[in-house]
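Dear colleague, please find below some notes on the structure under review. They are set out as numbered points, to be read alongside the sequence and the coordinates.

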Amino acid sequence: MLWRYGARDYRNIGHKAIFVANAHRTLQVIGWQHAEPVLRSLVLGLLDFGKQQQVNGYALDDQCYGGNLRLVKESFPRGSEAWAADHPDPAATRSILASLREATPAEACADVAGRLAKGQTGAGAVWDAVHLAGAELRLRARGGAALAAVHAVTSANALHYSYLAAANPRDRFLLLLQAAGWMVQFRTFAATRPENLRPFVITALEPGEEEAPLERSLAAIFAEIPSNPDAAAARVFRLGRELPGRQAFLAAALRLTLAKADEVHYYKYLAALIEDVPLVSPEWQPHLLATTVYYAKGSGDPDATPMKRAREALRAYL
């Protein structure tokens, strides 16, 4: 039930679905004997905002949830799990991504539901489009839209986690439709200030020209963050086409985040992409990996205060 409730209301820029997913992750680690206080807190969080309260551009009933409940009732492919197929379908992904880029939330959800019901594509291609749509919004976002776009990425991560963890196929179908609808809701809210969105198509990303040894490539990437993220993204795109390059880049990004991050979203954003890159089809993994540089710490950023204090304490001890 909480998988559904976490996904019904995007208004806290996705934190309700994120809260459900992270509560589940936490209880899986610390043990379900601790469930009661965690779930009390979670349910209270899910009730945040009154039904008519407009937040981030929407009241509760302005969103895609009610329409998606109807789509599940009308379109869910009963007796068949073919819709849940995880195989790549690049043409379908590009087409769905175009819908997420241009359509209203209701139109995008109806498009996805129709494709799944008719067997025209499977869930894997839809999830590829959802993750690309969230990442594309982060690439486009500037100014006041930047942090909301970070949450498009982390919300896609939470909804995909919920989809994988939920046991009921109808709930999973609903979560997939909600993921598509939320990406459009995020885009629509960001577009209320058009100057905060630059034109950018994530599928047009191309690798940087330079071929260099791995260590030199990594040094060049993190030297260009945050001053020139587009150049850094092109380098990461080239590096990310092979598994060793992806692993080396993410390990370096994690080290810099641990040393330099001065607010929690750096952790959330990187953790989401570390988890999501292997979930998308191989063709799109370099695209998703390249978006890490748009909310990351570079080699020139100062160390965070706790890290400075820890190093000072270590020097005094030694």
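1. I begin with V236, a residue of helix α11. The model is a predicted one. In it, V236 has a relative accessibility of 0% and therefore counts as buried. Apart from neighbours within four places in sequence, the contacts of V236 are I221, F249, L289, A290 and V293. The C-alpha atom of V236 is separated by 29 Å from that of A17, a residue 219 places away along the chain.

2. The next residue to consider is I221, one of the contacts of V236. Beyond the neighbours within four places in sequence, I221 is in contact with A232, R235, V236, L239, F249 and V293. F249 and V293 are thus listed both for I221 and for V236.

3. These residues lead to the largest nonpolar core, which has 97 residues. The members that touch the most other members are W83, I221, F222, F249 and V293. Helix α9, residues 169–190, gives the most to this core, with 12 residues.

4. A polar residue deserves separate mention. E224 is located in the loop that runs between α10 (214–223) and α11 (229–239). Is E224 buried or exposed? Its relative accessibility is 16%, and the cut-off for buried is under 20%, so E224 counts as buried.

5. The side chain of E224 has a partner in R235: a polar contact of 3.0 Å joins the two side chains. With neighbours within four places in sequence set aside, E224 is in contact with P229, A231, A232 and R235. Of these, A232 and R235 are also among the contacts of I221.

6. Helix α7 covers residues 123–140, 18 residues in all. From its first C-alpha to its last it reaches 26 Å, close to the 26 Å expected at 1.5 Å a residue. Why is α7 described as largely enclosed by the rest of the structure? The reason is that 18 of its 18 residues are buried.

7. Finally, the internal space. A search of the whole structure finds three cavities of 30 Å³ or more, and the largest cavity holds about 100 Å³ of space. Its lining consists of 13 residues, among which L100, A133, E136, L137 and R187 are the closest to the centre. Two or more lining residues come from each of α5 (90–102), α7 and α9. Helix α7 gives the most to this lining, with five residues.

Conventions. Residues numbered from 1 in each chain as written. Predicted model: local features only at pLDDT ≥ 70, side-chain atom pairs only at ≥ 80, totals over all residues. Heavy atoms only, no water. Core = buried A, V, L, I, M, F, W, Y, C linked by side-chain atoms within 4.5 Å. Buried < 20%, exposed > 50% of the residue type's maximum accessible area, 1.4 Å probe, protein only. Helix = DSSP H or I, 4+ residues; strand = E, 2+ residues; numbered from the N terminus. Contact = heavy atoms within 4.5 Å. Polar contact = N/O pair within 3.5 Å; in protein donor to acceptor, adjacent residues only side chain to side chain. Expected span 1.5 Å × (residues − 1). 1 Å grid on protein atoms, 1.4 Å probe; cavity = no way out; pocket = protein on both sides within 12 Å on 5 of 7 lines; lining within 4 Å. Points joined across faces, edges and corners; volume = space filled by probe spheres on them.
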